[in-house]
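I opened this entry to keep track of what I looked up in the model and in its database record. The notes follow the order in which I went through them.

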Amino acid sequence: MALAFITSLIAVVMAFFIFFVRMKASEKPTNAKKIILPPLFMSTGALMFIDPVFRVTRGELIEAVILGLFFSLFLIKTSKFEIRGSDIYLKRSKSFIWILLGLIVIRLGLKTYLGRTIDYRQLSGMFYLLAFSMIVPWRIAMYVSYRKLAAQLKPPVLT
């Protein structure tokens with residue numbers, strides 16, 4: 001029970017950290033590297049699956065990925081860029097904090113409910129897969145949006 005509380009508390013702290021990082025990010029110009037690197041760094045978490053206790057069943061994998069893809073739609077919808085001067089900035093979204101809080105509440109609810117029947121290590125694997133399958137499409141969509149705006153900033157080539 002104490003482990004469940006501690007991990008839930010860590011999830012809430014991480015959510016607030018993400019919120020503040022996102023707010024600070026809107027104050028500085030962005031670039032492709034800032035968009036692409038977070039999922040690459042997060043991918044190292046897949047090493048947890050080397051240990052068999054973290055492995056999930058095929059059904060759990062499918063459930064986690066589908067839910068992650070579904071949640072990514074909300075993040076994609078709230079992540080927009082704008083051109084300011086000669087730079088591209090991430091627009092602040094008032095709904096982002098509410099979506100982030102909603103995702104945390106859903107995560108905590110799922111963890112409480114599923115934690116009764118699924119081993120906490122497998123559950124950790126499922127939530128990693130959910131998060132990864134949420135972040136990757138979100139960041140891909142951000143990158144595509146960023147590239148469209150970056151193309152508008154480039155001066156036309158005269159021949």
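**Annotated spans, helix faces and charge pairs**

I began with residues 96-114, where the chain is 100% helix and 0% strand and the C-alpha atoms at the two ends are 26 Å apart. I keep in mind throughout that this is a predicted model. I then turned to residues 126-146, again 100% helix and 0% strand, for which I noted a distance of 30 Å between the end C-alpha atoms.

Both spans came from the UniProt record, an unreviewed entry, which places the feature "transmembrane region" at residues 6-23, 35-54, 60-76, 96-114 and 126-146.

Next I looked at the start of the chain, where isoleucine 6 lies in helix 1, which covers residues 2-25. I found isoleucine 6 to be partly exposed, its relative accessibility being 45%. Together with Phe5, Leu9, Ile10, Val13 and Met14, Ile6 forms a nonpolar surface patch, and the accessible area of these residues together is about 600 Å².

For helix 2, residues 32-42, I asked which residues are buried, and I noted Ala32, Ile35 and Pro39. These residues lie on the same side of helix 2, because the arc they cover around the axis is only 90°. I then checked what they pack against, and the buried residues of helix 2 turned out to meet strand 1 (81-84) and helix 5 (120-153). On the face of helix 2 that is turned away from the buried side I recorded Lys33 and Phe41, both of them exposed.

My last search was for charge pairs, on the general ground that side chains of opposite charge can pair when their charged atoms come close. How many salt bridges does the whole structure hold? The search returned two.

In one of them arginine 84 pairs with glutamate 82, and I noted 2.9 Å between the closest N and O atoms. Arginine 84 has a relative accessible area of 35% and is therefore partly exposed, while glutamate 82, at 25% relative accessibility, also counts as partly exposed.

The other salt bridge joins aspartate 119 to arginine 121, with the closest N and O atoms 3.0 Å apart. Here I noted a relative accessibility of 29% for aspartate 119, which counts as partly exposed, and one of 30% for arginine 121, which is likewise partly exposed.

Note on methods:
Residues are numbered from 1 along each chain as its sequence is written. This is a predicted model: local features need pLDDT of at least 70, side-chain atom pairs count only at pLDDT 80 or more; totals for chains, interfaces and linings use all residues. Side-chain values use heavy atoms; hydrogens and water are left out. A salt bridge is a side-chain nitrogen of Lys or Arg within 4 Å of a carboxyl oxygen of Asp or Glu. Buried means under 20% relative accessible area, exposed over 50%, partly exposed in between (1.4 Å probe, protein chains only). UniProt positions are given in the numbering used here, feature names are shortened, and annotations may be inferred rather than shown by experiment. Helices (H or I, at least four residues) and strands (E, at least two) are DSSP runs, numbered from the N terminus. Patches are made of residues with over 30% relative accessible area and no salt bridge: like charges are joined within 9 Å, nonpolar side chains (Val, Leu, Ile, Met, Phe, Trp, Tyr) within 5 Å. Accessible areas come from the Shrake-Rupley method with a 1.4 Å probe; for residues, only the protein chains shown count as cover. The arc is that of the directions from the helix axis to the C-beta atoms. Contact means heavy atoms within 4.5 Å.
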